[in-house]
Amino acid sequence: MTGREDFLFWRLAHYLMAEQGYSLIRLTETHAEIWLENRSNKRSQIIRLVRANLDWANWLKRDIQVVEGQSERLRKHLFARRLEVLNVYVTPHAPVDDYDHAVNLPDKQKKTNVHTILYSRETEDEAEKAIRVTVGGLPDFHLREEYEEPEVEMAKQAVLQLAEKQEKETRQLFQHGKPFFTYLFMAVQILVFFLLEAKGGSTNTETLIEYGAKYNPLILAGEWWRFFTPIFLHIGFIHLAMN
């Protein structure tokens, strides 16, 4: 093996993540299959990259059928009305027999469409054109005939490091600002508790009613806000601490 296709596989993944906004959602243990997601790209929300040496069309047909089933389950999991999946095989050569029957053309009537591209030496120009149209761009990788293992490993590590960076940024995005409302809510609860204690005690029925406890006669009289104010009231320190 020259490593050419291995290098292309990782460089293509890196480009899609770094330049086209895709994020890694699955990488198989063998590192031969990558699933990427970009929900904002309506032409291909999901891209599946596969590094394979294709020999016969039957294997290709069975694999595409499996991918179609996986993609439909993914669509349901994402609660998406439609899902467009780009299925790219990075292979030195296309199958030796006729494989046109194995590749289904997109069907606008389907909720999940899997569009398959063979990125082989025989179909390189055609594949690059199809990816550009579907994804929105593709650089000229200027591939050589041979790549040493360290070069392939560097391309692979670039993808893994970028995936780790994206995951960290996503985690920080969800964590940023999250405690603010919680801390504010806790502060209000504590302040109200000390106010009740200062005005007669948080266990005093008259004080509780005065400061918004749920009291049906007053609710019937029009004080509807008493449905909400009890959220901030606590009867005694144990009640406050447990909440």
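These are my notebook entries on the core, the salt bridges and one charged patch of this structure.

**Entry 1, ground rules.** I am working with a predicted model, where local features need pLDDT of at least 70, side-chain atom pairs count only at pLDDT 80 or more, and totals for chains, interfaces and linings use all residues. Residues are numbered from 1 along each chain as its sequence is written, and side-chain values use heavy atoms, with hydrogens and water left out.

**Entry 2, the core.** I looked up the largest nonpolar core (buried Ala, Val, Leu, Ile, Met, Phe, Trp, Tyr and Cys residues joined through side-chain atoms within 4.5 Å) and found 30 residues. Buried means under 20% relative accessible area, exposed over 50%, and partly exposed in between (1.4 Å probe, protein chains only). Leu-12, Leu-16 and Ile-131 are among the residues that touch the most other members. Helix 1 (4-18) gives the largest share of this core, nine residues; helices here are DSSP runs of H or I, at least four residues, and strands are runs of E, at least two, numbered from the N terminus.

**Entry 3, salt bridges.** Next I searched for salt bridges (a side-chain nitrogen of Lys or Arg within 4 Å of a carboxyl oxygen of Asp or Glu) and got 14 in the whole structure. Which residue does Glu-5 pair with at 3.0 Å? The partner is Arg-121, in the loop between strand 5 and helix 3, 116 residues apart from Glu-5 in helix 1. Glu-5 counts as buried because its relative accessibility is 5%, while Arg-121, at 30%, counts as partly exposed.

**Entry 4, another pair.** Arg-48 and Asp-63 also meet in a salt bridge (3.0 Å, N to O), linking strand 3 to helix 2. Both of these residues are buried.
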